[in-house]
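Visitor: I am new to this structure, and I would like a close look at a single strand and the partners beside it. Could you take me through that part slowly?

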Amino acid sequence: MKKLNRHMLICSLFLLIGMLLAACSSSNDEKNEEETTKTEATTRVYKDYLDHEVEIPVNPERVVYHGEGYGDVLALDAKTVGAGFSWITNYAWENRVKDVEDVGFPINIEKTLELKPDLIIIATSDEKTYEQLSKIAPTIVLDTFAPIEQRLAELGEIFNKKQEAADWLSNYKEKADTMWKSLVDEGVIKENETATVLTYYPGDRLFVMARTGLSQVLYDSNILKPGDKIQQILDEETGFAEISTELLPDYAGDHIFVLTPVVDEAKQSTEEMMESSIWKNLPAVKNGHVYTIDIQKSDSDASTREWLLTQIPTMLQK
């Protein structure tokens, strides 16, 4: 009987030890699985609009952003360590950019390397530049000519700020709709009037803007419309098109916005256009519906849009 009890005791001890070992093994497996999940969750695969599939940080901390639309990043309160100051200097929100290094234009590879980025966002489709930068850090190309809704949604995903992007878009739409409605109600503009945005580049090159900058802001209103010729450019998903001054009557809308260039040569070309008989005979010119604005302050990025909501009414009511 004593032998039987001793045998049962030994069996019980072995059973208990086995259960403890199994529990430890299960706990370790769960811990290892949890740690693996956490490791995997720090990065994810992102596919940019040029079909580059890149493994990027879930929460990027040292971002270099080079291209148009830095005001989009600013609107999301997203942080960067480097940016192209060509798209920051003299913009309406320049004084809000803090602790960011200029990586030049074209982008300086050595300066970018010094900043030790964990993510690089660029606007250029130049594959040589892309290859050089992708050796420094994960690099993605952003379509900075895309509609504001698309840009903000993508940046919200990239910076892990989806809710901030959704909130900004909702708030902006409400404020913009209110502004445009008040301008119509006050008789400042009429629904379905057309608008044209023009600017000169050095070399006496005149451009009509379509999918970029102020034109995007105006056409998003669904109040001021593009004319037929500009609609063709939009249908081709092109940012702008070069035209001759002789073609101005075909492109000029009921309202004309002239972007004041930075370079003196382009400023001179603008003045010469405004002194021409073609210009002076345009209906918008005769009706006093011509407005000027510095080109740096006429972007379509989120932060500039917020500023333009305070400026457009003043321009149109003059």
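Guide: Two strands pair if DSSP finds at least two bridges between them, and strands (E, at least two residues) and helices (H or I, at least four residues) are DSSP runs, numbered from the N terminus. This is a predicted model, in which local features need pLDDT of at least 70, side-chain atom pairs count only at pLDDT 80 or more, and totals for chains, interfaces and linings use all residues. Residues are numbered from 1 along each chain as its sequence is written, and side-chain values use heavy atoms, with hydrogens and water left out.

The part to look at is strand β11, which covers residues 255–260. On one side of the pairing list is strand β12 (residues 290–294), which pairs with β11 in the parallel sense over 5 bridges; within this pairing, F257 has Y291 of β12 as its bridge partner. Strand β8 (residues 195–201) also runs parallel to β11, and 5 bridges join the two, with A195 finding its bridge partner in H255 of β11.

As for its surroundings, 5 of the 6 residues of β11 are buried (under 20% relative accessible area, where over 50% is exposed and anything in between partly exposed, with a 1.4 Å probe and protein chains only). Strand β11 is therefore largely enclosed by the rest of the structure.
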